[in-house]
Every structure is written in structure tokens, then in C-alpha cells.
Amino acid sequence: MTNSTQGAKASSHFKKTEKHPKAVWKKRTASASRWLHIYLSMLSFIIILFFAVTGLTLNHADWFEGKEQIKKYTGKVPLKWVNAKDTTRIAKLEIVEKLKHDNNVRGDVSDFFIDDNQCTVSFKGPGYSADAFIDRHTAEYKLTETRQGLVAVINDLHKGRDAGKKWGLMIDAASIFLTLLSITGIVMICFMKKKRFSGFVLVGVGTLIGYLVYHFLVP
């Protein structure tokens, strides 16, 4: 075999094995989007399932009515905590801690009102509320606690109502996960030649259905 023949074969082999930069970029993008889509799906499975189920329970809240439990408590706080003429000296922190400790109250304080005769303290949590009325002359209180059941708890968590800032961050994280899942799904379909057209047709149909439902069925 001549040197020229060997050179031609080597050159031909090099051209076949050489990868075009654009092809490399497409392959890496497709691989990265597939990897992200799979592992984000696994990581956020429970989050997605939670928001899917609670979307249904929120839309049919009447299915779960009548589940609330109401309990009433009475007690007394130290008189000096509530009978100060200067309302800025009312022992708010101590009152809140005692109410929580003595009655297993949970949730965050949503309101603390003071008038001439009484202090009113309200606690709120997902599917939960408690209201205490403290007589400023006797320091005696009456507290009503309402628990609305598991479905009400998860519905409030879905909406982020009375769930605190940390749960709000959880909702933000879930939103980011779902956004990334959607984006990586679209990127993946872009690299699937046989399914690309039908995939984008379905995206368009889904978008159109959403618009038509909003336009014709939403008051």
C-alpha cells in the first residue's frame, strides 16, 4: 500500500471521527436536559404529588366539611401582666408563652389586641386557630381552639396560609422545581426528531384548551 493511499484513508477516518462543535453542543444539551429532567422528577416527586392532590381537595372543599374539632379552655395569668394602666407594659411575650404552655396552643400569633377591659390574643396555623380573651381586671381568660382536620391543614399548606416564612420558601422551591421540569421537558423534545413535531402540537393543543376553558367557562 502506498503512502498516498494510507494518507487518504487516514484523512477519511479523521473526518468521520471528527465531531463538529455544534453537534457536540447539541449532544451535551440533550444529555444535560434529560439528566436534569429525570433527577428533578425523582427529587421533587413528593412535592409534585402533594400539590396535585391538594389542588383537587381545594377544588372540592365541600367534600370534607364538618371535620373541625372545637375545644374550650379557661385559666388565669398573673394579674400584673395585664392590669398595667400603660398598655405598653402589658407582658405580651409572657402571656403568649403561658397560653401555649398551659393549653398546648400552636401556631403563630396573628393578632394581639388590648382595650380597657380585656386582651385578645389570636393564634393561626394551617387548619388551626385559637383565640384567647383575657379579662384585665381579674386576669382570667377563656380560650377557644379550633382544629379543622387533616384536609384543611394540607389545603392551607398548598396556599401557604398561616404556614410561616419557612414554608413559604418551600413553596418557592417547589415552583422552581416545576418550572425546571417544564423547561427541561421542552428542551428534551427539541432533540427528539421523530417526536418533536407531535410534541409541539400537543403543547399547542394544551395551551389552546387552557385558553378556551378560561375564555368560555370562567365567569
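Helix H5, spanning residues 150-159 of this predicted model, carries both Asp-156 and Lys-159, which sit 3 residues apart, or about one turn of the helix. These two side chains form a salt bridge in which the closest N and O atoms are 3.9 Å apart. With the cut-off for such a pair set at 4 Å, the contact of Asp-156 with Lys-159 at 3.9 Å is counted as a salt bridge because it falls within that limit. The partners differ in their surroundings: Asp-156 has a relative accessibility of 4% and therefore counts as buried, whereas Lys-159, at 44%, is partly exposed. The pairing also extends to Arg-161, since salt bridges with shared partners link Asp-156, Lys-159 and Arg-161 into one network.

Pairing of this kind is familiar enough: side chains of opposite charge can pair when their charged atoms come close. Across the whole structure, the search returns 4 salt bridges. One of them lies in helix H4 (residues 92-103), where Asp-102 and Lys-98 are 4 residues apart and so are separated by about one helical turn. The closest N and O atoms of Asp-102 and Lys-98 are 2.9 Å apart. Here both partners are partly exposed, Asp-102 with a relative accessibility of 38% and Lys-98 with a relative accessible area of 23%.

A further salt bridge joins the side chains of Glu-145 and Arg-147, with an N to O distance of 3.4 Å. Glu-145 has a relative accessible area of 2% and is therefore buried. Its partner Arg-147, at 29%, is partly exposed.

Attention now turns from charged pairs to helix packing. Two packed helices are described by the angle between their axes and the distance between the axes. For helix H3 (residues 45-59) and helix H6 (residues 164-190), the axes come within 10 Å and cross at roughly 100 degrees. That crossing angle makes H3 roughly perpendicular to H6, because angles of 65 to 115 degrees fall into that class.

The side chemistry of this crossing can be read from its residue list. From H3, the contact involves Ile-47, Ile-48, Phe-50 and Phe-51. On the H6 side, these residues meet Trp-167, Met-170, Ile-171, Ala-174, Phe-177, Leu-178 and Leu-181. Sorted by type, the residues in the contact of H3 with H6 comprise 11 nonpolar, no polar and no charged. The picture at this crossing is thus one of nonpolar residues, while the salt bridges described above include pairs within H4 and H5.

Methods
Residues numbered from 1 in each chain as written. Predicted model: local features only at pLDDT ≥ 70, side-chain atom pairs only at ≥ 80, totals over all residues. Heavy atoms only, no water. Axes fitted to C-alpha atoms, helices over the stretch in contact; angles between N-to-C directions. Helix = DSSP H or I, 4+ residues; strand = E, 2+ residues; numbered from the N terminus. Parallel < 35°, antiparallel > 145°, perpendicular 65-115°, else oblique. Contact = heavy atoms within 4.5 Å. Buried < 20%, exposed > 50% of the residue type's maximum accessible area, 1.4 Å probe, protein only.
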